Amino acid sequence: MKTTLPLISNTRPGLPRAWRSCIAKQALITKKWQFFARLLQKQQDIFDKIGVTNKDINQIIALCLKYKNVLAAKNSGSGLGDCILCLGKLPADTFPVTLTQKQQGISQFNLKLSREGVLTHEALESLRCYG
């Protein structure tokens, strides 16, 4: 049986935030990547409209979206965001692109979804210090 998930749009302004999160979670669990990507892009569009993004963030997102294996990209974090989430696969070492980005501390971490959560190489190195 094919499962369909409702489309979140601005035509449903009364939709509770918790319900939207449940829909996104269900899309992840059922591996509906295209649908999840649309949710991410919708959220980024909202961020754009309410002003919690800027030219630098938008340039990075636009670059991410140029890659055919990237389904969506959005900023995340508080205020103007402290990271950009890219759903898909970027070539290794895509960022930083420019000297300015390097000076700003922009870096790329390639992560994979798993049941255990996220563990970076930096986290593994810190674990070795204790045992």
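In this predicted model, Gln101 touches four residues that lie beyond its immediate stretch of sequence, namely Ile60, Phe95, Pro96 and Ile106. Gln101 itself sits in helix H4, which covers residues 99-103. With a relative accessible area of 13%, Gln101 falls under the 20% limit and therefore counts as buried. The side chain of this glutamine also has a polar partner: it reaches the backbone nitrogen of Val97 at a distance of 2.7 Å.

A second site worth a look is Ala37, which belongs to helix H2 (residues 33-50). Here the relative accessible area is 4%, so Ala37 is buried as well, again by the 20% limit. Once neighbours within four places in sequence are set aside, the contacts of Ala37 are Leu71, Ala72 and Leu87. One of these partners, Ala72, is 35 residues away from Ala37 along the chain, yet the C-alpha atoms of the two alanines are separated by 5.1 Å.

A word on confidence helps when viewing the rest of the chain. The mean pLDDT of the protein is 78, and 73% of its residues reach 70 or more. Two stretches stay under 50 in pLDDT: residues 1-11 and residues 126-131. For residues 1-11, the model has 21 contacts beyond four places in sequence, whereas for residues 126-131 it has 0 such contacts.

Note on methods
Residues numbered from 1 in each chain as written. Predicted model: local features only at pLDDT ≥ 70, side-chain atom pairs only at ≥ 80, totals over all residues. Heavy atoms only, no water. pLDDT = per-residue confidence, 0-100. Contact = heavy atoms within 4.5 Å. Helix = DSSP H or I, 4+ residues; strand = E, 2+ residues; numbered from the N terminus. Buried < 20%, exposed > 50% of the residue type's maximum accessible area, 1.4 Å probe, protein only. Polar contact = N/O pair within 3.5 Å; in protein donor to acceptor, adjacent residues only side chain to side chain.
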